[in-house]
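Work through the exercises below with the sequence and the model side by side. Try each task before reading its solution.

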Amino acid sequence: MKLVNTYQNLPEQLYRQTLPTTVKNPNLLVFNNKLAKSLNMDVCNEETLANWFSGNTLIDGSEPIAQAYAGHQFGQLNILGDGRAVLLGEAKNQAGELIDVQLKGSGITPFSRSGDGKASMSAMLREYLISEAMHALKIPTTRSLAVVTTGENIIRQGLEQQAILTRTAASHIRVGTFVYAQLQASQINDDNLLQLLFDYSINRHYPHLKSLNTPDKALALLEVVMDKQAQLIAHWHRVGFIHGVLNTDNVAISGEGIDYGPCAFMDTYNPQTVYSSIDYQGRYAFKNQMPITWWNMARFAESLLPLIDNDEKKAIELATNTINTFDEKYKKHWYGMLCAKIGLNNTDKNLALAKALLELMQTYELDYTNSFKQLTLMAMGVDFSDIETSEFNKITDTEALNTWMNDWKQAQKNGNKTNALTLMQTHNPLFIPRNHLVENTLQQANSEGLTEFKALLKTLKTPYDWRLYKKTTRFQQPATQEWNAQFKTFCGT
Ligand code: AMP
Ligand code: MG
């Protein structure tokens, strides 16, 4: 395998050449063979892989860099950059697209500020698990290629094993990268840097926009990135995912979900749910992901203003008109998915039915995933009473429940049955990475090894395989409400 380094054709303000720190005793813990193959990577012996993915040996062609970017952290603009990651270079996948290969946790960089540049094994295994689960859930995401332990310890929640994650991504260009380029450009009153990043991004991600002239192209980029983000958030809502840190540096313009730190999956349906221990105000609560992404897109629009029009007032007007379409874009994706979750097409009537279900679920504290799972099993004609009790038993207002069930059955009758089942089976996962399973698995990884981690990972790879509903019940159980109440994940891991 040979990496290329096209990002380095951009001006050096956007990165610093940085070598990964060599490690004492690299040991390949997890490796994603299938992903490696899709990147045309010759899978050689474990020792070589451990050396490559710890950064001890550079892959052929690799010229590592730390990327510069800014970010609005909980709303506050800061200059950040890769403080604990290096981009090794880009691989070509089987479709001929460039895919970033990045080491995360590979030591300090010029952007590390006061951080140690390192990561704990449990945090890196966590990102591995979540990103691969996301991919299997058919949600755009960065991927994980490997986790390598270094043979050293670091201090996080006490003394922990250190590890490095190899992450792959359509690119690591973030909204924050544009914000950074625009800030730099405005300081020297020269938009060239921004223009070059813009051209690179269009070439790499949205080449169909190439033929437009720059002002139209800038608005078109804004529009397509907004649509990708709207779709991403709708998917997260479809599976009950809460990212936890939707800062502008954690929003990729490719539309892939990135940086799975203090993220979690909701058990009981409650749109107010927050898990991140540093999110005191609930800025990134489940239900806020839509308005916050809208806000993030407005920051993206601001960074594009110089390319939209020389006349700032006109540029703001044009950008605002585009930004105002976010609501409509999100609703198109989310309402389509929400109706599909109950096996119906997106019509006003079906949508009202789906929303009525969410209300019942919230009032009676039903498990989000298992409620939709049980509706799917009902549509399949499966009697699941010998496996688990019905979530719907929690609805004590039996009249409301019966009315809803009758309306749903009637709506299904009006549609196509096969189509309804396909919609439900492809939009409702049988398994999600339940927080208690993830946490227990990671704890066990520290003390006993990876047996449970591998079992969970294997299960999470087939979330829509409905033949498994009876076999894998232990992966379908939510945590107790007490467990969830005390559960918090942590940033800076
Ligand atoms: P994150 O919360 O992981 O998205 O990171 C936000 C910023 O903090 C990025 O610039 C990271 O590179 C940086 N950062 C996070 N953890 C560390 C660390 N252990 N050492 C240095 N920089 C870090
Ligand atoms: Mg980040």
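**Exercise 1.** Which atom of ligand 1 lies 3.0 Å from a polar side-chain atom of Asp116?

*Solution.* Some ground rules come at the start. The model is predicted, so local features need pLDDT of at least 70 and side-chain atom pairs count only at pLDDT 80 or more, while totals for chains, interfaces and linings use all residues. Residues are numbered from 1 along each chain as its sequence is written, chains are lettered from A and ligands numbered from 1 in the order in which they are written, and side-chain values use heavy atoms, with hydrogens and water left out.

Now go to Asp116. The partner of its polar side-chain atom is a nitrogen atom of ligand 1. This is a polar contact (a pair of N or O atoms within 3.5 Å). Taken alone, ligand 1 exposes 490 Å², and the protein buries 83% of that. Such areas come from the Shrake-Rupley method with a 1.4 Å probe.

**Exercise 2.** Which atoms of Gly81 and Arg113 approach oxygen atoms of ligand 1?

*Solution.* Take Gly81. A backbone N or O atom of Gly81 is 2.6 Å from a ligand oxygen. Next, Arg113. Here a polar side-chain atom is 3.1 Å from an oxygen atom of ligand 1.

**Exercise 3.** Describe the shell around ligand 1.

*Solution.* Start with the count. There are 17 residues around ligand 1, each with a heavy atom within 4 Å. Gly81, Gly83, Asp116, Gly117 and Asp259 come nearest. Sort the shell by type: two nonpolar, seven polar and eight charged. In this scheme Asp, Glu, Lys and Arg count as charged, and Gly as polar. Then check the domains. Domain 1 (6-172) and domain 2 (176-333) each supply at least three residues. Those bounds come from an automatic or database domain assignment.

**Exercise 4.** How do strands S4 and S5 pair?

*Solution.* Find S4 at residues 70-73 and S5 at residues 76-79. Strands are DSSP runs of E, at least two residues, and helices runs of H or I, at least four. S4 and S5 are antiparallel, with four bridges; pairing requires at least two. Ala70 faces Ile79 in S5. Two residues separate the strands of this hairpin, and Phe74 takes a positive phi near 50°.

**Exercise 5.** Is Tyr275 buried or exposed?

*Solution.* Locate Tyr275 in the loop between strand S11 (264-265) and helix H7 (289-308). Its relative accessible area is 6%, so Tyr275 is buried. The cut-offs are under 20% for buried, over 50% for exposed, and partly exposed in between (1.4 Å probe, protein chains only).

Technical notes. Polar contact = N/O pair within 3.5 Å; in protein donor to acceptor, adjacent residues only side chain to side chain.
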